[in-house]
Amino acid sequence: MDSLLLLNGSPRGPRSNSMRMLTQVAQGWQAGGGAEPTVLHLARSADFDRAVIEIGRAGKVLLGLPLYTDSMPGLVLGFIEALEPLIGREDNPRLGFLVQSGFMEPLHSRGLERYLMKLAMRLGSPHVGTIVRGGGEALQVMPDQALGKLFARLQDLGEQLAREGRFDPETLRQVAGRERLSPVSAAAMFVALKMPITQFYWTQQLKKNRAWQRRFDAPHASA
Amino acid sequence: MRITIMNGDPDPGSTFEGYLHEYVECLVAQGHEVTRLDLRDLDLKGCSGCWGCWVKTPGLCVKHDDSDRICRAFLASDLTVLASPVRMGFTSSLLKRAADQMVPLVHPYIVIEGGEMHHRPRYARYPQMGLLLAPSADTDVEDLEITTHLWSRMARNMKSSLAFTTIATTSAKEAADGLAAVA
């Protein structure tokens, strides 16, 4: 059976939105006949070190990561730097990626997608595709049942990886959704976001922490 | 102009260090007020996406490390120059870790800016940003393009804009002179 190394690049570790999505891809991979993947969390230092070694031995690798300031988290970039010795080797693994962002529109992730494609090329690794998905932070408050369609598509992608060795571009497009807000929905959101209720995810946490009164604090303001 | 240099070179003995030293000297000679931060000497614990800086201690990282200094030095400048060697087609992870910890500078609330979802600003003004890159042997034009694009997106997230990307193959004096164009 074909092997898969699943790398979770979220600084939050196992309890992250990235891992929640990776788990679905892994399910599909096994349904498609792949062996149970090895899972490593880069946020754990022992896993990080092991990942650098395992990636040199793996057949296929899927690296999942959250978008930080429209690129990769520093943690993941540190991992990428550790892969430099792999450049020029002949048997580097097939590489795939999963990028998930808090913002809804996939456009925020496209620059990073381009970087990751170039990274695969730099390592001489066949690129199996990059799963891009926005609205990831909403997963924190959504039960599995509400995510049925997304999870089914992520499983499809895992199955495609097992059977065809790559992600189907059409499924990737479906998972990504609309590239940017339409002018109408941007205008509607512009207005809606002025209403406190639409910011409830943050307001609720600020209130719980007794920090709501201080929400607009600007502690680093310079004279 | 008040200029903050964030040096993301992890190696104090590199040739880029010498370049940077000369670059700073030229800027000072031109009358700029320069603050240099060597990120490798700071205690940076890295962002773990806990959102404490948004929902627990608004505007401050809960890790109590030197990321406060980065945020202050950024805001106190008119221009912040991010200096880094290019490795694996991008700036150093040291620089990126520092940038990740600048997220307290914006507010969690979502706004629409230029038709895109973004975060609400926390401060009234933000400085401009620039990139100073030292390419390595395998750096190509596409790497520089991707790096510039990703950092211009980063700048946009920080309510700033990326004013330039300078490649440290031109002389330090020329690079410093180039800043005259940045108002």
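A residue counts as buried here if 20 or more other C-beta atoms, placed from the backbone, lie within 10 Å of its own. That idea helps with helix 1 of chain A, where eleven of the 15 residues are buried, so the helix is largely enclosed by the rest of the structure. This is a predicted model, in which local features need pLDDT of at least 70, side-chain atom pairs count only at pLDDT 80 or more, and totals for chains, interfaces and linings use all residues. Residues are numbered from 1 along each chain as its sequence is written, and chains are lettered from A in the order in which they are written.

**Confidence**
- The model comes with ipTM 0.97 and pTM 0.96.
- Chain B has a mean pLDDT (the predictor's confidence in each residue, from 0 to 100) of 96, with 99% of its residues at 70 or more.

**Helix 1 of chain A**
- Helices here are DSSP runs of H or I with at least four residues, strands are runs of E with at least two, and both are numbered from the N terminus.
- Among the buried residues of helix 1 are Met19(A), Leu22(A) and Trp29(A).
- Their cover includes strand 1 (4–8), strand 3 (60–66) and helix 5 (148–164) of chain A.
- After the helix comes Gly33(A), with a positive phi near 105°.

**Where the chains meet**
- Chain A puts 46 residues into the contact and chain B 41, counting residues whose C-beta atoms, placed from the backbone, lie within 7 Å.
- On the side of chain A that touches chain B, helix 4 of chain A gives the largest share, seven residues.

Methods. Two residues are in contact if their C-beta atoms, placed from the backbone, lie within 7 Å. A residue is buried if 20 or more other C-beta atoms lie within 10 Å of its own, exposed if 12 or fewer, and partly exposed in between; C-beta atoms are placed from the backbone.
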